[in-house]
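Colleague: Could you take a close look at the aromatic rings in this one for me? I'd like to know how they sit together and which parts of the chain they come from.

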Amino acid sequence: MVSSSGIGPSAGSTPEPSGVPESGSAAAPSASPAGRGRVRLRRAAVMAVPATVIAAGLMILTAQGALGVQFAISGMPFTVTATNLDGEGFAQFGGLDQMAEGSPNEGDTGGQVLVVVSAIKKATLEKLCQSVDLGGTNLLIRAGEGKEKVSATNLTTDSTELSGNAAFNNIEIGNDASTLDKSHARGPKGVFSQQADTVHIGNLRQTNYATTAAVFKLPGLKLSFSDQGC
């Protein structure tokens with residue numbers, strides 16, 4: 001199950017009078033320059049509200065651990081696959097990632113990406129593959145293809161897509177994200193979330209914008225360029 005949360009209410013400006021008199025009425029006197037200045041100032045203040053609210057929301061989310069990453073993302077998605085993922089201490093909730101100001105990857109997103117944050121306290125992965133499209137050429141990373149599995153502590157991924165065959169033990173769905181206690185991360189109050197004692201995902205496939213971990217061990221690491229991704 002995937003959840004997401006929007007941040008910051010939208011604000012619209014109040015329409016100004018058209019200035020066209022009703023039939024049979026006298027024309028109203030034109031607004032003074034000072035009056036027009038006040039209107040422009042009021043409209044500018046209203047237009048500044050959404051950006052202020054979003055910025056405040058991002059600071060709150062970062063402080064409360066709702067963001068999987070606390071750095072500016074590149075805005076380039078990457079694919080992660082694994083034959084099997086097994087984890088202890090699983091949590092999932094919505095978050096918002098931010099690109100560096102003026103990033104060429106902003107497009108029409110405003111530099112923000114709505115993501116699903118998945119947090120696992122202890123994780124192991126078999127046959128891990130990670131690829132990022134660099135414009136026709138893929139940077140490819142492989143690990144854990146032998147007897148030893150990839151392992152991670154306090155693993156956090158920020159995803160826009162996730163698929164696989166999942167099984168959970170003692171799952172709780174619909175928690176307030178601020179009350180999560182089975183993994184290493186919590187979200188802000190009022191945000192939908194879920195958590196479980198353990199998670200298993202077979203044939204995992206993710207589209208991620210960020211991954212962090214306190215410890216990340218990659219046995220048999222292989223890095224290469226390829227015309228095909230994971």
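**A close look at the aromatic pair**

Modeller: Sure, let's start with the setting. Buried residues make up 35% of the 230 residues in the protein, and keep in mind that this is a predicted model. The protein has one helix and nine strands; from the N terminus, the order is α-β-β-β-β-β-β-β-β-β. Contacts are worth a glance too: of those with a separation of 6 or more, 80% are between residues 24 or more positions apart.

Now to the rings. The structure holds one aromatic pair. To describe such a pair, you give the distance of the centres and the angle of the planes. Here, the ring centres of phenylalanine 90 and phenylalanine 168 are 5.4 Å apart, and their planes meet at 45°, so we call the pair tilted. That label fits because planes under 30 degrees apart would count as stacked and those over 60 as edge-to-face.

Where do the two partners come from? Phenylalanine 90 belongs to strand β1, which covers residues 78–98, while phenylalanine 168 is in strand β5, residues 150–169. The pair therefore ties together parts that are 78 residues apart in sequence.

And are the two partners buried or exposed? Phenylalanine 90 has 5% relative accessibility, so this residue counts as buried. Phenylalanine 168 comes out at 29%, so that one counts as partly exposed. The cut-off behind this is simple: buried means under 20% relative accessible area, and exposed means over 50%.

To finish with the outside, the accessible surface of the protein is about 13,000 Å², and 54% of that belongs to carbon and sulfur atoms.

How values were computed:
Residues are numbered from 1 along each chain as its sequence is written. This is a predicted model: local features need pLDDT of at least 70, side-chain atom pairs count only at pLDDT 80 or more; totals for chains, interfaces and linings use all residues. Side-chain values use heavy atoms; hydrogens and water are left out. Helices (H or I, at least four residues) and strands (E, at least two) are DSSP runs, numbered from the N terminus. Buried means under 20% relative accessible area, exposed over 50%, partly exposed in between (1.4 Å probe, protein chains only). Contact means heavy atoms within 4.5 Å. Accessible areas come from the Shrake-Rupley method with a 1.4 Å probe; for residues, only the protein chains shown count as cover. Rings of Phe, Tyr and Trp (its six-membered ring) pair if their centres lie within 6.5 Å; planes under 30 degrees apart count as stacked, over 60 as edge-to-face and the rest as tilted.
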